[in-house]
Amino acid sequence: MKSIASAPGKVILVGEHFVVEGKPAIAMAVNLRARVSVETIDNSSDIIIRSKELKIEETFSSKHINEKSPLYPVYVAASLARQHISLEKGLDIIITSELPPAAGMGSSAAVAVATAAAVIALRKKVDRNIVSKIAYEAEKIVHGKPSGIDNTISTYGGAILYIKEKGFTRINLNLKNVALVLADTGMPRSTGKMVARVRKLKARYSSVLDPIYKSAEILAYEVAKALEMGDVKTVGELMNINHGLLSAIGVSTIELEHLVYAARNAGALGAKLTGAGGGGLIVALCYKKDLLNIENALSGYSKKVYIANISRRGVIIEHKHMHSMNGVE
Ligand code: MEV
């Protein structure tokens, strides 16, 4: 039996970090995807995982499970999904991804979501709720205390306002004549470490930071309203303010600042870091007419500048191939 699933990466428009403490954040799925193919192995219960981009392969068997492997979270997703469909066979898993790893585009969540869906599809109809829950277990291993926004947006696609432990509401985007541009500092960072740093700062200065968290909460609701009304100027200005709040909690860097100011000076409606910060990417909201200018300005500071097209599609099963007991399809 074989199946292939794919899931999108994401951009957080506003609210990252604040979302870890129960405040709302807005995320959008993008048209860069992780793809996972799974094939059952007879006479074995091993899970073999290969990542084409990371150029690594690891076999997880009942005798040896390497918890230090970067592929361990994928193993956790695969093995929970295998339990869910009560399958005892081994699995041969191949991961390919268009998403830059450790840059803030949710590549680990997209891989976990696609893995869970591909394994479940071997035997059952894929229930998105279960896929997202399984991927969240894998995300906990990668990031420590994630909010769950990455696995949620990767599973459901589109644009969402997400609140930890409460779930999400869809945002009906009304964006005309604008595009999102991403630029990479080229500096990978660990979401888990950044989240832990912010939590420590929040615990130490809670009375100082509480109003900033409150402000981020109001800001996210205002952005959601402006997105639905097509008020792109307000969205841009609030993105700038959100960047300031993220700087205040210590997650910006000089490289991120260079990119943010380059985008704003070249005419972006708004620009901010996106994801965990400490490196990774910025996101800029731009009128399409200014796109070339802004891309050129960002290219001065970044080797990787992308246009992020919003994708309505969350996780999908791309291919399913079953053999009956006698090997005839
Ligand atoms: C990571 O994409 C976003 C953070 O808010 C962490 C999380 O929500 O789990 C930094």
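**Ligand shell, helix α4 and a few loops**

Tutor: Let's start with the ligand: 13 residues surround it, and the closest are Lys10, His17, Pro146, Ser147 and Asp150. Keep in mind that this is a predicted model, where local features need pLDDT of at least 70, side-chain atom pairs count only at pLDDT 80 or more, and totals for chains, interfaces and linings use all residues. Residues are numbered from 1 along each chain as its sequence is written, and side-chain values use heavy atoms, with hydrogens and water left out.

Student: What makes a residue count as near a molecule?

Tutor: One of its heavy atoms has to lie within 4 Å of the molecule. As for where the shell comes from, β1 (2–14), α4 and α5 (191–204) each supply at least two of its residues.

Student: How do you know what is a helix and what is a strand?

Tutor: Both are DSSP runs numbered from the N terminus: a helix is H or I over at least four residues, a strand is E over at least two. Helix α4 covers residues 149–156.

Student: What makes the approach of Lys10 to the ligand a polar one?

Tutor: An N or O atom in the Lys10 side chain is 2.9 Å from a ligand oxygen. A polar contact is a pair of N or O atoms within 3.5 Å (within protein, one must be able to donate a hydrogen and the other to accept it, and residues adjacent in sequence count only if both atoms are side-chain atoms), so this pair qualifies. His17 puts a polar backbone atom 2.9 Å from a ligand oxygen, and for Asp150 a side-chain N or O atom is 3.1 Å from one.

Student: How much of the ligand does the protein cover?

Tutor: On its own the ligand has 300 Å² of accessible area, and the protein covers 97% of that. Those areas come from the Shrake-Rupley method with a 1.4 Å probe; for residues, only the protein chains shown count as cover.

Student: Where does the ligand sit?

Tutor: In the largest pocket. A pocket is an open set of points on a 1 Å grid over the protein atoms alone, with protein on both sides within 12 Å along at least five of seven lines. A molecule sits in one if more than half of its atoms lie within 2 Å of its grid points.

Student: Over to α4. Why is Thr152 called buried or exposed?

Tutor: Buried means under 20% relative accessible area, exposed over 50%, and partly exposed in between (1.4 Å probe, protein chains only). Thr152 comes in at 7%, so Thr152 is buried. Ser154, another α4 residue, has 1% and therefore counts as buried too.

Student: What does each of them touch?

Tutor: Contact means heavy atoms within 4.5 Å. Skipping residues up to four places away in sequence, Thr152 touches Ser132, Ile160, Tyr162 and Phe168. On that basis, Ser154 touches Ala7, Pro8, Ala109, Ala110, Val113, Gly314 and Val315.

Student: How many residues of α4 are buried?

Tutor: Eight of its eight, which makes α4 mostly covered. They pack against β1, β2 (25–41), α2 (107–120), α3 (128–143), β6 (159–163) and β7 (167–170). Right after α4 comes Gly157, with a positive phi near 70 degrees.

Student: Which residue in the loop between β3 and β4 is not a glycine, yet has a positive phi?

Tutor: That's Lys55, with a phi of about 55 degrees, in the loop between β3 (47–51) and β4 (56–60). Lys55 has 71% relative accessibility, so it counts as exposed.

Student: And why is Ala102 put in its accessibility class?

Tutor: Its relative accessible area is 36%, which falls between 20% and 50%, so Ala102 is partly exposed. Ala102 sits in the loop between β5 (90–97) and α2, with a positive phi near 50 degrees.

Student: What about Asn177: buried or exposed?

Tutor: At 55% it passes the exposed cut-off, so Asn177 is exposed. Asn177 lies in the loop between β7 and β8 (178–184) and, leaving aside neighbours within four places in sequence, is in contact with Cys286, Tyr287 and Lys288.

Student: One more: which side chain makes a polar contact with that of Thr191?

Tutor: The side chain of Arg189, at 3.4 Å. Thr191 is in helix α5 and, not counting residues up to four places away in sequence, touches His143 and Ala276.

Terms used:
1 Å grid on protein atoms, 1.4 Å probe; cavity = no way out; pocket = protein on both sides within 12 Å on 5 of 7 lines; lining within 4 Å.
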